[in-house]
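Here is a walk through one chain, strand by strand and helix by helix. Keep the 3D view open as you read.

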Amino acid sequence: MDVPRGSAPVKEKPAVPSRLAILADIHGDVHALRDALVQIERLKCDCIVNAGDLVDWGIFPEEAIDLVREHKIPSILGNHDRWAIGRGSAASPEIDMDAEPWDCSGHDLRDDTIRYLADLSPSWRVEVAGVRIAVHLGTPHSDMDCIFPDETNASQASRWLAFAQSQVLVVGHTHIPFCLELPDGKCIVNPGALLRDFAKPEEREWLRQLQSRNPRRAPASSGTFGVLHLPSKKFSVFNASDGSEAKIVRKAL
C-alpha cells in the first residue's frame with residue numbers, strides 16, 4: 001500500500017468476529033432441530049447452515065423441512081434428499097448390508113416439499129470475516145464419498161480444500177464429529193448428526209450392525225451441531241439436548 005508522504009499509515013479494519021452454526025444430517029428429527037435452534041440462539045450465533053440430508057430415518061421429515069424453511073436456513077442437497085426426490089424409486093424393502101442404500105421417505109412428502117428439495121444445490125459457499133467456507137455433504141467430488149478422520153492425511157485434505165476453493169471445508173454424511181487441521185490454518189470440520197431418534201426399530205438395528213462391523217466408520221445418532229468461530233476458525237460441537245460441549249475427534253494433519 002502506497003502511503004502519501006507526511007501521513008500516517010492507514011490501518012485495515014480487523015475482521016468482525018462471527019459464529020456460524022452448522023447443522024448436518026437432520027434426517028427428519030424435528031425435536032432435535034428445535035432443541036438445536038434454542039441452543040444456537042443461546043450461543044448467539046450469527047447465521048446457520050445445514051450440510052444436507054434433511055430426510056429419511058427420522059419420524060418427522062416434513063416438519064423438520066418446514067422449520068428449516070421457516071428459519072430461512074441455507075441447506076444443501078444430501079444423498080437422502082436426492083433419493084427422496086425420486087419418491088423412493090431407489091427403495092429396497094429389505095435390509096441388505098451390501099446393497100445400495102435405500103430411501104422410501106419421499107413417497108408421502110408434499111409436492112411443495114419435493115420441489116423444495118429438488119431446488120437445493122449440492123454445495124454452498126460463503127465468505128465470513130475474510131474466511132472462505134465451502135459446504136458439501138460428502139466431499140467436493142460426491143455426496144456419496146466419505147471423509148473419516150482416522151483415514152485422512154494432509155495430502156488428501158489439501159486436495160479437497162483446493163478443489164472446494166476454501167479455507168474451511170464443512171462436511172457431514174459420516175455422522176462423526178471432527179476437526180482436521182492443516183499446518184497452514186485450513187481445516188475440515190464435521191458437526192456430527194443432529195439425528196437422535198429413528199422412525200423404525202429395524203433402522204436402528206441396521207445401524208447397530210454397521211457399528212459392530214466397523215465402529216470407527218459407522219454412523220451414529222449423536223444429536224449434535226457445530227459452531228465455527230470466525231476468523232479464528234475455532235470449531236466446537238454441542239449437544240442439542242442441553243447445549244453441553246461434545247467430545248469430538250481433533251487431529252492435526
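## The E6–E7 hairpin

E6 and E7 make a hairpin with 5 residues between them. In the turn, glycine 185 takes a positive phi of about 95°. Bear in mind that this is a predicted model, so read that angle as a computed value.

The two arms of the hairpin run antiparallel, with 4 bridges joining strand E6 (residues 178–181) to E7. One pair to look for is phenylalanine 178, which stands opposite asparagine 190 in E7.

## The sheet around the hairpin

Where does the hairpin sit? It belongs to an open sheet of 6 strands with mixed pairing, in the order E3-E4-E5-E7-E6-E10. Strand E3 (123–128) and strand E10 (249–252) are the edge strands, each pairing on one side only. On average, neighbouring strands here are turned by 15° against each other, direction ignored.

Both hairpin arms have another partner in this sheet. E7 (residues 187–190) pairs with strand E5 (residues 168–170) in the parallel sense, over 3 bridges, and valine 168 stands opposite cysteine 187 there. E6, for its part, pairs in the parallel sense with E10 over 4 bridges. Leucine 180 has lysine 251 of E10 as its bridge partner.

## Aspartate 143

Now to a loop: aspartate 143 lies between strand E4 (131–136) and helix H5 (154–164). Is this residue buried or exposed? Its relative accessibility is 16%, so aspartate 143 counts as buried, the cut-off being under 20%.

What does the side chain of aspartate 143 join up with through a polar contact? The partner is the side chain of arginine 82, at 2.9 Å. Leaving aside neighbours within four places in sequence, aspartate 143 touches Gly78, Asn79, Arg82, Leu137, Gly138 and His173.

## The second sheet and helix H1

There is also an open sheet of 4 strands, again with mixed pairing, and its order is E2-E1-E8-E9. Strand E2 (47–50) and strand E9 (234–239) each have a single partner strand, so one side of each is left without a neighbour in the sheet. Neighbouring strands in this sheet are turned by 25° against each other on average, direction ignored.

In the middle of that order, strand E1 (residues 18–23) and strand E8 (residues 224–230) pair in the antiparallel sense over 5 bridges. Isoleucine 22 stands opposite glycine 226 in E8. Helix H1 (residues 30–42) lies across E1, E2, E8 and E9, and runs at about 170° to E1.

## H2 against H4

Two packed helices are described by the angle between their axes and the distance between the axes. For helix H2 (residues 61–70) and helix H4 (residues 111–118), the angle is about 60° and the axes are 11 Å apart. That angle makes H2 oblique to H4.

The crossing of H2 past H4 is left-handed. On the H2 side, the contact is made by Glu62, Ile65, Val68 and Arg69; H4 contributes Asp112, Thr113, Tyr116 and Leu117.

## The chain overall

Stepping back, the chain has 6 helices and 10 strands. Of its 253 residues, 49% are buried. Looking at contacts with a separation of 6 or more, 70% come from residues 24 or more positions apart.

Note on methods. Residues are numbered from 1 along each chain as its sequence is written. This is a predicted model: local features need pLDDT of at least 70, side-chain atom pairs count only at pLDDT 80 or more; totals for chains, interfaces and linings use all residues. Side-chain values use heavy atoms; hydrogens and water are left out. Two strands pair if DSSP finds at least two bridges between them. Axes are lines fitted to C-alpha atoms, for helices over the stretch in contact, and angles run from 0 to 180 degrees between N-to-C directions. Buried means under 20% relative accessible area, exposed over 50%, partly exposed in between (1.4 Å probe, protein chains only). A polar contact is a pair of N or O atoms within 3.5 Å; within protein, one must be able to donate a hydrogen and the other to accept it, and residues adjacent in sequence count only if both atoms are side-chain atoms. Contact means heavy atoms within 4.5 Å. Angles under 35 degrees count as roughly parallel, over 145 as roughly antiparallel, 65 to 115 as roughly perpendicular and the rest as oblique. A crossing is left-handed if the near helix is turned anticlockwise from the far one by less than a right angle, and right-handed if clockwise.
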